[in-house]
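Here are my notes after going through this one with the viewer open. Have a look at it yourself, then see whether you agree with the points below.

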There are 2 protein chains.
Amino acid sequence: MRILLTNDDGVYAPGLRALRAELKKLGEVTVVAPAGEQSAVGHSITLLTPLLIQEVLDENNQAMGWAVEGRPADCVKLALLELLKDKPPDLIVSGLNAGSNAGINVLYSGTVAAAIEGAFFQRTSIAVSLEYTKPKPLNFPLAAEYARKVIEQIVRQRTPEGSLFNVNIPSLEKGPVKGIRAVPQNVAAYEETYDRRIDPRGRVYFWSGPDFRCPVPHPDSDVSALNDGYITVTPLQFDLTHAALLGRMKGWEWSL
Amino acid sequence: MRILLTNDDGVYAPGLRALRAELKKLGEVTVVAPAGEQSAVGHSITLLTPLLIQEVLDENNQAMGWAVEGRPADCVKLALLELLKDKPPDLIVSGLNAGSNAGINVLYSGTVAAAIEGAFFQRTSIAVSLEYTKPKPLNFPLAAEYARKVIEQIVRQRTPEGSLFNVNIPSLEKGPVKGIRAVPQNVAAYEETYDRRIDPRGRVYFWSGPDFRCPVPHPDSDVSALNDGYITVTPLQFDLTHAALLGRMKGWEWSL
């Protein structure tokens with residue numbers, strides 16, 4: 001199996017390195033990842049500036065893949081259309097992200113956007129994130145082992161090509177992982193705050209507050225299951241059409 | 001009616017100015033938009049740098065709203081949580097974008113992301129884009145008049161709060177608009193290319209090709225109807241869960 005590995009924390013992120021080591025047990029891994037950190041960039045793509053690339057070696061001086069001066073979704077696009085066009089990957093993995101991507105945060109996530117981009121190309125794609133609990137450092141090697149086990153089991157199910165999954169691993173500081181749950185994305189809003197400040201020149205600016213809190217997650221959702229200490233697996237799709245409302249709209253009369 | 005107007009082309013974009021002039025016929029309009037151009041930024045948000053704001057006047061030196069040094073989604077978040085918290089808008093409009101946002105391009109679009117952000121806050125939100133046909137300049141005033149008529153008719157339907165719509169106006173160079181159609185988002189992939197080049201220092205880089213072509217759009221979709229000269233209205237939602245696949249996954253057995 002050929003695996004394309006990308007992320008949004010950048011090609012030198014420890015989460016990517018740990019996941020690469022585990023994925024090598026499943027097949028041939030090529031990394032095409034952003035040169036620098038790209039968190040919360042969502043499904044940005046680069047149209048108006050060039051995408052510089054550079055070959056990257058691993059810690060043993062072996063070819064690992066490419067660093068791209070672009071977004072996570074650019075990396076997947078460039079890998080499939082150019083860099084790996086002669087050896088197309090069977091599977092695309094994005095991660096291991098430092099911080100969970102559950103609930104509506106899925107829409108802000110560069111990690112998930114890279115996987116969605118893979119699904120655009122009809123490749124099975126899996127985003128993997130590790131919940132972050134301050135102030136302890138993240139145990140990426142153990143989380144990557146969990147991630148590999150989950151990915152292995154997903155692949156074994158032989159879902160249709162282009163299937164798309166969002167996997168979250170609970171903070172390993174909360175105690176042993178309780179199990180794996182297939183759950184829907186939570187859609188409730190988060191509580192957010194801004195911190196208003198004045199700069200030395202008298203200009204107003206705002207900092208986004210540190211916490212995105214989801215006060216009342218649905219009990220059967222990724223946010224709840226992750227809070228409860230389960231690894232969550234959420235199958236995703238990218239048709240944003242609101243089918244029920246579209247049905248009602250068929251009766252609307254329009255004029256120009 | 002109080003309307004929050006934003007966009008991804010920036011506060012000084014002619015599409016925003018034209019749409020503002022039309023929306024003033026429907027209510028009180030406040031602009032909170034990015035200070036500069038932010039196309040194809042998707043649902044990026046700004047977490048790690050401060051959001052500078054500046055009050056902006058219109059062509060008659062009247063207060064128009066704020067320019068934000070951030071993403072379209074930041075503008076909506078900041079407007080609802082801070083700038084307009086004492087006068088919350090009844091409606092959020094994002095546009096008028098220079099270029100269509102249909103099919104899977106919806107996921108790359110900063111214009112649409114701003115509307116999705118509004119829906120996160122349970123506000124009815126409408127993204128509006130004008131198809132771009134080179135090389136003619138865009139007729140924003142006429143397109144904005146069409147946009148206002150569509151928005152007026154959507155509002156009159158009194159859909160639930162938080163309803164979300166993606167409106168596209170066909171290129172006005174193709175002849176008279178044929179009508180308005182409620183259609184689903186097209187999900188077929190686009191044909192894309194990269195142009196590989198070598199810089200003067202010998203480094204490889206790629207430019208994204210100029211055209212995103214959707215070779216076989218579904219006949220009942222936003223892409224087809226727009227191609228055919230109709231204004232398209234697509235109701236959206238932001239639950240990315242693949243419900244059918246999730247149903248099948250309930251039978252999967254997992255191990256750790």
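1. The two copies meet through the same surface, because 100% of the interface residues of chain B are also interface residues in chain A. Bear in mind that this is a predicted model. Chain B superposes on chain A by a rotation of 180 degrees with 0.0 Å of shift along the axis, at an RMSD of 0.0 Å. That is how a two-fold axis relates two copies.

2. Now follow the sheet across both chains. Its 11 strands run β8(A)-β11(A)-β7(A)-β6(A)-β5(A)-β1(A)-β2(A)-β4(A)-β3(A)-β10(B)-β9(B), forming an open sheet with mixed pairing. At the edges stand β8 of chain A (180-182) and β9 of chain B (194-198); each has a single partner strand, so one side of each has no neighbour in the sheet. From one strand to the next, the twist averages 25 degrees.

3. Where do the chains join in that sheet? Strand β3 of chain A (residues 51-57) pairs with strand β10 of chain B (residues 204-208), antiparallel, over two bridges. Leu51(A) has Phe206(B) as its bridge partner in β10(B). Going the other way, β10(A) and strand β3 of chain B (residues 51-57) also pair in the antiparallel sense over two bridges, and here Phe206(A) stands opposite Leu51(B).

4. β10(A) deserves a closer look. Four of the five residues in this strand (204-208) are buried, leaving it mostly covered. Within its own chain, β10(A) pairs with strand β9(A) (residues 194-198), antiparallel, over five bridges. One residue pair to find there is Asp195(A) with its bridge partner Trp207(A). The hairpin of β9(A) and β10(A) has five residues between the strands, and Gly202(A) takes a positive phi near 85 degrees in it.

5. On to the helices, starting with α1(A). Seven of the 10 residues of this helix (14-23) are buried, so the rest of the structure largely encloses it. The buried residues are Gly15(A), Leu16(A), Ala18(A), Leu19(A), Arg20(A), Glu22(A) and Leu23(A), a list that takes in Arg20(A) and Glu22(A). Their cover includes β1 (2-6), β2 (28-34), β4 (63-68), β5 (91-98) and α4 (140-156) of chain A.

6. Two more helices lie across the strands. α3(A) (residues 110-120) crosses β1, β5, β6 (124-130), β7 (164-169) and β11 (231-236) of chain A, at about 175 degrees to β6(A). α4(A) lies across β5, β6, β7, β8 and β11 of chain A, and runs at about 150 degrees to β5(A).

7. Which residues have the most contacts inside the largest nonpolar core? They are Ile116(A), Phe238(A), Ile116(B) and Phe238(B), in a core of 44 residues. α3 and α5 (222-227) of chain A, along with α3 (110-120) and α5 (222-227) of chain B, each supply at least two of its residues. Beyond its sequence neighbours up to four places away, Phe238(B) touches Ile104(A), Leu107(A), Gln185(A) and Val187(A) in one chain, and Ile116(B), Ala119(B), Phe120(B) and Leu164(B) in the other.

8. Last, a single residue: is Thr124(B) buried or exposed? Its relative accessible area is 12%, and buried means under 20%, so Thr124(B) counts as buried. Thr124(B) sits in strand β6 of chain B (residues 124-130), and its side chain reaches the backbone nitrogen of Gly162(B) at 3.4 Å. Leaving out neighbours within four places in sequence, its contacts include Asp90(B), Leu91(B), Ile92(B), Pro160(B) and Phe165(B).

Note on methods:
Residues numbered from 1 in each chain as written. Chains lettered and ligands numbered in written order. Predicted model: local features only at pLDDT ≥ 70, side-chain atom pairs only at ≥ 80, totals over all residues. Heavy atoms only, no water. Buried < 20%, exposed > 50% of the residue type's maximum accessible area, 1.4 Å probe, protein only. Pairing = 2+ DSSP bridges. Least-squares fit on C-alpha atoms with pLDDT ≥ 70 in both. Contact = heavy atoms within 4.5 Å. Polar contact = N/O pair within 3.5 Å; in protein donor to acceptor, adjacent residues only side chain to side chain. Axes fitted to C-alpha atoms, helices over the stretch in contact; angles between N-to-C directions. Core = buried A, V, L, I, M, F, W, Y, C linked by side-chain atoms within 4.5 Å.
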